[in-house]
Amino acid sequence: EEMGADSICIKDMAGLLVPYKATELITAMKSVTKLPIQLHTHYTSGVASMTYLKAVEAGVDVIDTAMSPFALGTSQPATEVMVETFKGTEYDTGFDQNLLAEIADYFRPYRDECLANGLLNPKVMGVDIKTLLYQVPGGMLSNMVSQLKEQNAEDKYYDVLKEIPEVRKDLGEPPLVTPSSQIVGTQAVFNVLMGERYKMATDQTKDMLRGKYGQTVKPMNQEVIDKVIPGEERITCRPADLIENEMDKLEAEMKEWKQQDEDVLSYALFPQVATDFFKYRQAQQEKVDMTQADTKNGAYPV
């Protein structure tokens, strides 16, 4: 609160938070902060709805759900189910189930279409209690299934699941959130498909071993380091300290568009997209019709 936060979101990316632990966590947080607390979890391990129930009873302010056609599995608990659960209680949402049913009916054909074209894979739509052992986030699972499907190797699904904790351990047990989750998952797929661990390593895996993603909580596997980046010098300081300061250069490049400091950051991350946005923003502010503008000759009709 003292740092200016407006709310706190608990992101349980792999569906590992179980009901009574949710009670303990939310109760403890509510005892020390008045900020709204939001809980985000996934149904992968099958306990998410019960976790939400106990969290709400403990005082959580917001829970993330998904409409039933796209709920469960690696997604979230169904909105309609949670609405009905709290109906008639002090936690009643006031949502109309008839209107929610209309929304679900609208999206149901899209679900069927996604199943038919392979965008949705049945493997990620069920419950896998082993998630509590492998600790694999929902998004990471979906990406892994897609990679295996592209290689016609969906039969290796459970082999990759077993390999993920091993790769994570080799890499110093980084948190399984983007980007480290995708680095670990992709390397696990490679290890299984190649038939030999680290026979082929991704550039991102190499960079993680080099220390470019920062220091990990636990030490990395020295045997893996020697195999993947033999003889290379590793980064032991803060990686960003080795990057040349480009702020002055960036500010000079986009000075005509700068209205606030955040604009420089947007430009640094997404130069073309940010520039297009700056032009649009300027047009809106100056009431210029950019569809009729002759930028080459500097003619801007209003």
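In this predicted model, I164 touches V136, M140, M144, V184 and A188, leaving out residues up to four places away in sequence. I164 is also, together with M144 and L209, one of the residues with the most contacts inside the largest nonpolar core, a set of 29 residues. The supply of residues to this core is spread over helix 6 (138-150), helix 7 (157-170), helix 8, helix 9 and helix 10 (222-228), each of which puts in at least two. That isn't the whole story on nonpolar packing: a second, separate core holds 14 residues, with I10, A22, I37 and V56 among them.

Two of the helices that feed the largest core, helix 8 and helix 9, also pack against each other. Packed pairs of this kind are described by the angle between the axes and the distance between them. For helix 8 (residues 180-194) and helix 9 (residues 203-210), the angle comes to about 115 degrees, and the axes sit 9 Å apart. The crossing of helix 8 past helix 9 is left-handed. On the helix 8 side the meeting residues are S180, I183 and Q187, and on the helix 9 side they are Q204, T205 and M208. Sorted by character, the residues of this contact split into 4 polar and 2 nonpolar, with no charged ones.

Right beside S180 in the sequence comes S181, another helix 8 residue. S181 counts as buried because its relative accessibility is 3%, under the 20% cut-off. Beyond its neighbours within four places in sequence, S181 is in contact with M140, P175 and L176. M140 turns up here for a second time, as it is also touched by I164.

The loop between helix 7 and helix 8 has a couple of backbone oddities. P179 is placed in this loop, and the peptide bond leading into it from T178 is cis, with omega near 5 degrees. E173 lies in the same stretch, between helix 7 and helix 8, and has a positive phi, near 55 degrees, despite not being a glycine. With a relative accessible area of 30%, E173 is partly exposed. Another non-glycine residue with positive phi is L72, at about 70 degrees. L72 belongs to the loop between strand 3 (62-63) and helix 3 (79-86), and it too is partly exposed, at a relative accessible area of 37%.

Further along the chain, helix 12 (residues 261-269) has D263, V264 and Y267 as its buried residues. They share one side of the helix, because the arc they cover around the axis is only 100 degrees. The general rule behind such a pattern is that an α-helix has 3.6 residues a turn, so residues three or four places apart point the same way. The other side of helix 12 carries the exposed residues D261 and L269. As for partners, the buried residues of helix 12 pack against helix 11 (247-253) and helix 13 (271-286).

On helix 13, R281 is worth a look. This arginine is buried, with a relative accessible area of 13%. Setting aside residues up to four places away in sequence, R281 touches W257, Q259, Q260 and D263. The last of these, D263, is one of the buried residues of helix 12.

Conventions:
Residues are numbered from 1 along each chain as its sequence is written. This is a predicted model: local features need pLDDT of at least 70, side-chain atom pairs count only at pLDDT 80 or more; totals for chains, interfaces and linings use all residues. Side-chain values use heavy atoms; hydrogens and water are left out. Axes are lines fitted to C-alpha atoms, for helices over the stretch in contact, and angles run from 0 to 180 degrees between N-to-C directions. Helices (H or I, at least four residues) and strands (E, at least two) are DSSP runs, numbered from the N terminus. A crossing is left-handed if the near helix is turned anticlockwise from the far one by less than a right angle, and right-handed if clockwise. Contact means heavy atoms within 4.5 Å. Ala, Val, Leu, Ile, Met, Phe, Trp, Tyr, Cys and Pro count as nonpolar, Asp, Glu, Lys and Arg as charged, and the others, Gly among them, as polar. A nonpolar core is a set of buried Ala, Val, Leu, Ile, Met, Phe, Trp, Tyr and Cys residues joined through side-chain atoms within 4.5 Å. Buried means under 20% relative accessible area, exposed over 50%, partly exposed in between (1.4 Å probe, protein chains only). The arc is that of the directions from the helix axis to the C-beta atoms.
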